[in-house]
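Colleague: I'm new to this one. Could you take me closely through one spot where two helices pack, and then show me how it sits in the whole?

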Protein chains: 2
Amino acid sequence: MNDMMRIENALTVALAEADHQPCPPGLGEAMRYAVFPAGGRIRPRLTLAVSQACGDSAPVAADAAASAIELLHCASLIHDDLPCFDNAATRRGKPAVHVAYGERLAVLAGDALIVTAFDTLGRAATDAPERLPLLLGTVAKSVGLPGGIVAGQAWECEDRVNLDRYEQAKTGSLFAAASVAGAVAAGVDSAPWRTLGAKLGEAYQVADDLRDVLSDAEELGKPTGQDAANDRPSAVRQYGLDGAKKHLESLVEGAIESIPACPGQAELKTQIRAETKRFMPKEPARAVA
Amino acid sequence: MNDMMRIENALTVALAEADHQPCPPGLGEAMRYAVFPAGGRIRPRLTLAVSQACGDSAPVAADAAASAIELLHCASLIHDDLPCFDNAATRRGKPAVHVAYGERLAVLAGDALIVTAFDTLGRAATDAPERLPLLLGTVAKSVGLPGGIVAGQAWECEDRVNLDRYEQAKTGSLFAAASVAGAVAAGVDSAPWRTLGAKLGEAYQVADDLRDVLSDAEELGKPTGQDAANDRPSAVRQYGLDGAKKHLESLVEGAIESIPACPGQAELKTQIRAETKRFMPKEPARAVA
């Protein structure tokens, strides 16, 4: 079974109870709508890639961690898109959850996805119970206090924002957890794996900032120009277009160089290089302000 | 150390990282504001009472479960009070979180409290790692799918609502988890403990419905008459005032009778009877429609 199938299967199992009573139908539908069809699944694929490079000794634990991380990512997108934040009309090329299901079900679907993520993570206990506490702490800290994605989003509510800290929290933290969790699930020392995810996360954020300027909304599946419109910190606004591109390349190289010695090191380097090509922004076909 | 001190200490530890960098100050303040000063702490006190009645063999696990459950309760209050739901101006006698900190930080503080709850629950592993998976599943299902408090809140978005299922999800589920988690933390068979919490939860919801009609806002610390104003299902609206009172008494008796045999059974029965007196609504001093 390839990685994408493992992830979709694990997510399907995680949301199995959303489909029928006693789950309220609207909540279940809104949750499914936010999770399927698949986006890039870049974070859970990183978890599985790291676990496999390290021997994948507890595949159920790896699947649990990967799907929990993706559910938390989907939850953060729903709440980011709410009227009180970005008020985004579209996401992944379709109406945002609050547009399709209303603001109340958008709040609740985000909440329920967070809870379902931790419930799903508990499945790790079926093949590696001794790894659950570290998995739980790793995943929770990447979303919560003091520097997880919720904290990252909360920096948008402060008058003074440190860009590095903001991006580290808003994007880097969950990527770092994705690589660390892959190593924890595989039962190897996870600390050396943090840099890979952290740098990929930073790279992804810079690529996202670039796409916000370089892409058009149809291509991107969500509105563009949002950073400037929402007066939000952005690598392009901080470093300029060329500076941001150079920063992105350096982050990708640093990520690949950081991959620790492991049975699948060479294959993982190839895989990460191919993966980062997918999220690098295309050169603009036309001049963009 | 008495139960209330154990709970406040555990909650203080859980929110320790909210106080300083790199946590964004506004998020940390909003979280503290939602959790302190103490409300009744009725759910976590139930967890500790059950654990103690069963021998309290892993007090760190019991504290972790109790504080996680209280954090989840506080999170649910913040999101329930949001403008898109009850739009409540006050809670626990002070401005609601969204009034004090704005809607964005209210959404995020709720999210972060959910995540912090699961992070805190992981502390159970320090003295009873083998009990963590069941604790995690118990707590997660009481908040999430298919019938946890988020699902309960989502029934308010449906056209057709079954009152029993709604109250079971919105209130009963977390109370049931509070008693079950106390037994799990203590390492005893937890299944027989579900009825105690479930019935107390139903009783608490009926008492809350009665208070919404019988109390004034100053006494209650939050607006009254909300069930009718929001066209929300309520035991008073379903059974009438006297019917709801009788239902409440029968639930409390059923809860006490359900307490399983355990070393502290007699003391726990006394404790629960005293506890339920605290949340029973006072007789109205004036006629109420």
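Modeller: Sure; one term to start: a crossing is right-handed if the near helix is turned clockwise from the far one by less than a right angle, and left-handed if anticlockwise. This is a predicted model, with local features needing pLDDT of at least 70 and side-chain atom pairs 80 or more, while totals for chains, interfaces and linings use all residues. Residues count from 1 along each chain as its sequence is written, and chains are lettered from A in the order written.

Now look at chain A, at helix α13 (residues 235–257) and helix α14 (residues 265–279). Their axes lie 10 Å apart, at an angle of about 160 degrees. That makes α13(A) roughly antiparallel to α14(A) (over 145 degrees). The crossing of α13(A) past α14(A) is right-handed. On the α13(A) side, Val252(A), Ala255(A) and Ile256(A) do the meeting; their partners in α14(A) are Lys269(A), Ile272(A), Arg273(A) and Thr276(A). Contact here means C-beta atoms, placed from the backbone, within 7 Å. By type, the residues of this contact split into 4 nonpolar, 1 polar and 2 charged.

Zooming out, a turn of 180 degrees with a shift of 0.0 Å along the axis lays chain A on chain B, at an RMSD of 0.0 Å. The two copies are thus related as by a two-fold rotation axis. They also meet through the same surface, because 100% of chain A's interface residues are interface residues in chain B too.

One place where the chains come together is α2(B) (residues 25–35): its buried residues pack against α8 (149–155) of chain A, as well as α1, α4, α5 and α6 of chain B. Among those buried residues are Leu27(B), Met31(B) and Tyr33(B) (20 or more other C-beta atoms within 10 Å of a residue's own).

Notes:
Axes fitted to C-alpha atoms, helices over the stretch in contact; angles between N-to-C directions. Helix = DSSP H or I, 4+ residues; strand = E, 2+ residues; numbered from the N terminus. Parallel < 35°, antiparallel > 145°, perpendicular 65-115°, else oblique. Contact = placed C-beta atoms within 7 Å. Nonpolar A, V, L, I, M, F, W, Y, C, P; charged D, E, K, R; others polar. Buried ≥ 20, exposed ≤ 12 C-beta atoms within 10 Å, placed from the backbone. Least-squares fit on C-alpha atoms with pLDDT ≥ 70 in both.
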